[in-house]
Structure formats: structure tokens, C-alpha cells
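User: Could you take a close look at one helix of this model and at what surrounds it? A single connected read would suit me better than a list.

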Amino acid sequence: MMRKKEIELVQALKKLEKMLKETPDNKEAVMLYKTFLKSFLRTKTNSIPLPSVEVMSVIKRKKPTIFSLLRKEASYSDVLYYLTSIEVNYQDAERKLAHIINENS
């Protein structure tokens with residue numbers, strides 16, 4: 001049985017990769033990440049759960065300043081609070097995200 005490709009998810013993960021490469025780790029970039037997370041959470045997936053824990057673990061590792069600023073703002077947002085409170089091993093997160101992109105590209 002052929003699984004449906006996770007096209008929307010791959011596009012979101014590729015956008016995140018680009019943001020991680022191109023944005024500085026400072027407060028000016030926080031809004032960009034908040035906007036990304038809002039749209040990421042609306043990403044439709046066909047056969048796998050949305051890897052939000054993995055995305056947050058990668059942001060936490062690669063953009064610690066942005067992550068801590070997101071965490072500060074979490075008191076105003078249940079969703080941000082949840083996202084900044086959960087985490088998985090960074091290597092596992094990177095591996096899973098890369099696997100999703102490779103499987104569906």
C-alpha cells in the first residue's frame with residue numbers, strides 16, 4: 001500500500017531549515033518563529049503525527065535565544081507554553097525530521 005506523501009509537512013520543515021540557516025538568534029527574529037509555529041501547527045498530515053516536539057528541540061538547540069524568548073512569552077499562550085515545555089533528544093529529533101523529508105521528497 002502506497003502511503004500518501006506528506007507534502008505540506010515537508011514544505012514546512014524545509015521552511016524551518018531555511019529559517020534556521022538564515023535568521024540570527026536574536027529577539028528581532030522571534031516574531032518570524034512565532035508565525036512559523038502558528039502555521040506549522042495547522043499543517044495537515046496524512047499518515048504521521050505532526051513532529052512538533054522534534055521541531056521545538058531543533059529550535060532550542062540551534063536558536064537558544066529565540067527559544068528562551070518564546071518560552072518567556074509562553075505565559076501568554078497555552079500553545080507556546082506546551083511547545084516550549086516538551087522536548088526530545090536533539091539527535092533523535094534531527095534524525096526524525098530528516099527522515100520525514102527524505103521519505104516524502
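Analyst: What follows is a close look at one helix and then at some of its surroundings.

This is a predicted model, where local features need pLDDT of at least 70 and side-chain atom pairs need 80 or more, while totals for chains, interfaces and linings use all residues. Numbering starts from 1 along each chain as its sequence is written, and side-chain values use heavy atoms, without hydrogens or water.

Let's settle on α3, which covers residues 52–62 (helices here are DSSP runs of H or I, at least four residues, numbered from the N terminus). Eight of its 11 residues are buried, so α3 is largely enclosed by the rest of the structure (buried is under 20% relative accessible area, exposed over 50%, partly exposed in between, with a 1.4 Å probe and protein chains only). The buried ones in α3 are Ser52, Val53, Glu54, Val55, Met56, Ser57, Val58 and Ile59. And they have plenty of company: the buried residues of α3 pack against α1, α2, α4, α5 and α6.

Take α6 (residues 90–104), which packs on α3 at about 120° with the axes 9 Å apart (axes are lines fitted to C-alpha atoms over the stretch in contact, and angles run from 0 to 180 degrees between N-to-C directions). That makes α3 and α6 oblique to each other; under 35 degrees would be roughly parallel, over 145 roughly antiparallel, 65 to 115 roughly perpendicular, and oblique is the rest. From α3, Glu54, Val55, Ser57, Val58, Arg61 and Lys62 make the contact, and from α6 it's Tyr90, Gln91, Ala93, Glu94, Lys96 and Leu97 (contact means heavy atoms within 4.5 Å). It's a mixed bag, with five nonpolar, two polar and five charged residues between α3 and α6.

Val55 is a good residue to stop at. Setting aside residues up to four places away in sequence, Val55 touches Leu13, Leu16, Phe36, Leu37, Phe40 and Leu97. Val55 is also among the residues with the most contacts inside the largest nonpolar core, along with Leu13, Tyr33, Phe36, Leu37, Ile59 and Leu70. That core has 29 residues, and α1 (7–22), α2 (30–41), α3, α4 (64–73), α5 (78–85) and α6 each give two or more of them. The largest share, seven residues, comes from α1.

Now for α1 and α2 themselves. They pack at about 170° with axes 11 Å apart, and are therefore roughly antiparallel. Leu9, Ala12, Leu13, Lys15, Leu16, Met19 and Leu20 of α1 meet Leu32, Tyr33, Phe36 and Phe40 of α2. Unlike the mixture against α6, the α1–α2 contact has 10 nonpolar residues, no polar ones and one charged.

Over in α5 sits Leu83, buried at 2% relative accessible area. Beyond four places in sequence, Leu83 is in contact with Leu41, Ser52 and Met56. Leu83 and Leu37 are 46 residues apart along the chain, with 9.2 Å between their C-alpha atoms. Asp78 is in α5 too, but Asp78 is exposed at 70%. Met31 of α2 is partly exposed, at 47%.

Conventions:
Ala, Val, Leu, Ile, Met, Phe, Trp, Tyr, Cys and Pro count as nonpolar, Asp, Glu, Lys and Arg as charged, and the others, Gly among them, as polar. A nonpolar core is a set of buried Ala, Val, Leu, Ile, Met, Phe, Trp, Tyr and Cys residues joined through side-chain atoms within 4.5 Å.
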